[in-house]
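Student: I've got a new model open and would like to talk through how its helices pack and what lines one of its pockets. Can we take it piece by piece?

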Amino acid sequence: MRILRLVDKFFSPQVVYAHCDVPCGIYDPHEAQVAAHTVLRMTNMINDLKTSSSDPDFEERKRIISQISRLTKVKEDHCEIVKHQVRIIWGDYFKPDHLTKYKNLHELVFQVMKQASAARQNIDLVAAQDLLSSVQKFAEIFWDTKGRETVRVKSGYPTEGEIVLSK
Amino acid sequence: MLPNFSPGDHVLTFNWGLPKSGNVIVFEVKDAFYVKRVKKIKDNLIYVTGDNMKESSKIDPIDEGQITGKVIWKY
């Protein structure tokens with residue numbers, strides 16, 4: 001063995017990994033929930049934008065367009081964050097054994113993807129609310145697989161919605 | 001791959017013949033090399049898994065062309 005190690009000092013061996021991503025085993029649906037709340041908040045803020053008249057002047061139009069652009073960008077970015085975070089947990093954490101207990105898991109993830117796309121493409125309050133609801137259910141399933149009880153608490157965010165936490 | 005392989009272990013591979021179920025192999029996916037155990041071989045696809053089932057992440061099946069070799073020695 002020492003001889004082989006000595007040989008390796010002169011001819012460095014190729015590095016091999018036992019895991020596909022680092023750090024393995026660290027998963028949390030919290031970020032997906034925060035992103036879903038952000039999508040809902042951005043949708044509400046876009047819907048709440050008002051002009052002073054039916055024919056606003058150029059400066060006001062510029063201001064409104066700028067606000068809508070910024071809010072839309074954040075909304076779309078966070079729809080993608082929801083999809084990314086849920087996909088990572090679904091693809092890397094969940095194992096086939098989980099599906100025997102949570103038979104609707106694939107359907108729920110499919111709904112998240114579709115609702116996130118709808119909330120991203122449109123100013124759709126219902127889609128944003130449904131997205132948050134689905135992500136909360138996803139979080140509850142995730143924590144249940146770890147044998148952790150969950151509780152829904154007031155998020156304290158301007159959306160006034162809830163967030164799922166593990167006890 | 002704990003407890004059979006630990007970070008810092010060196011492995012020697014041998015690339016003659018196809019691996020069998022239970023063999024530990026080194027293979028390449030997207031320019032990175034991985035070490036996993038062969039779970040089964042079906043329809044020319046090689047299904048691999050880690051020994052540490054608690055933390056091992058799922059990986060898509062690989063084909064023969066991706067295999068670098070079978071692990072024959074750990075040192």
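Tutor: Sure, and keep in mind that this is a predicted model. Let's begin with a pair of helices in chain A: helix 3 of chain A and helix 6 of chain A cross in a left-handed way.

Student: Which residues of helix 6 of chain A make that contact with helix 3 of chain A?

Tutor: On the helix 3 side of chain A, the contact uses A:Val82, A:Val86, A:Ile89, A:Trp90 and A:Tyr93. Taken together, the residues of this contact are 9 nonpolar, 1 polar and no charged. The helix 6 partners in chain A are A:Leu131, A:Val135, A:Phe138, A:Phe142 and A:Thr145.

Student: And are helix 3 of chain A and helix 6 of chain A roughly parallel or roughly antiparallel?

Tutor: Helix 3 spans residues 58-93 and helix 6 residues 125-145, both in chain A, and their axes come within 12 Å. The axes cross at roughly 30°. Angles under 35 degrees count as roughly parallel, so helix 3 of chain A and helix 6 of chain A are roughly parallel.

Student: How are helix 3 of chain A and helix 5 of chain A oriented, roughly parallel or roughly antiparallel?

Tutor: Helix 5 of chain A covers residues 105-121, and its axis lies 8 Å from that of helix 3 of chain A, at an angle of about 165°. The cut-off for roughly antiparallel is over 145 degrees. Therefore helix 3 of chain A is, relative to helix 5 of chain A, roughly antiparallel.

Student: How many charged residues are there in the contact of helix 3 of chain A with helix 5 of chain A?

Tutor: Helix 3 of chain A brings residues including A:Lys75, A:Glu76, A:Glu80, A:Lys83 and A:Arg87, while A:Arg120 is among those from helix 5 of chain A. Alongside 10 nonpolar and 2 polar residues, the charged ones number 6.

Student: What angle do helix 2 of chain A and helix 3 of chain A make?

Tutor: Helix 2 of chain A runs over residues 30-48. Its crossing with helix 3 of chain A is left-handed, and the two are roughly antiparallel to each other. Their axes are 8 Å apart, and the angle is about 155°.

Student: Over to the second largest pocket: which strand gives the largest share of its lining?

Tutor: This pocket has a volume of about 690 Å³. Of its 28 lining residues, the closest to the centre are A:Val15, A:Val16, A:Tyr17, B:Asp9 and B:Val11. Strand 1 (16-17) of chain A, along with strand 1 (11-14) and strand 3 (32-42) of chain B, each give at least two lining residues. The largest share, 3 residues, belongs to strand 1 of chain B.

Student: How many nonpolar residues are in the lining of the second largest pocket?

Tutor: Sort the lining by residue class. There are 8 polar and 3 charged residues, and the nonpolar ones number 17.

Key:
Residues numbered from 1 in each chain as written. Chains lettered and ligands numbered in written order. Predicted model: local features only at pLDDT ≥ 70, side-chain atom pairs only at ≥ 80, totals over all residues. Heavy atoms only, no water. 1 Å grid on protein atoms, 1.4 Å probe; cavity = no way out; pocket = protein on both sides within 12 Å on 5 of 7 lines; lining within 4 Å. Points joined across faces, edges and corners; volume = space filled by probe spheres on them. Helix = DSSP H or I, 4+ residues; strand = E, 2+ residues; numbered from the N terminus. Nonpolar A, V, L, I, M, F, W, Y, C, P; charged D, E, K, R; others polar. Axes fitted to C-alpha atoms, helices over the stretch in contact; angles between N-to-C directions. Parallel < 35°, antiparallel > 145°, perpendicular 65-115°, else oblique. Left-handed = near helix turned anticlockwise from the far one by under 90°. Contact = heavy atoms within 4.5 Å.
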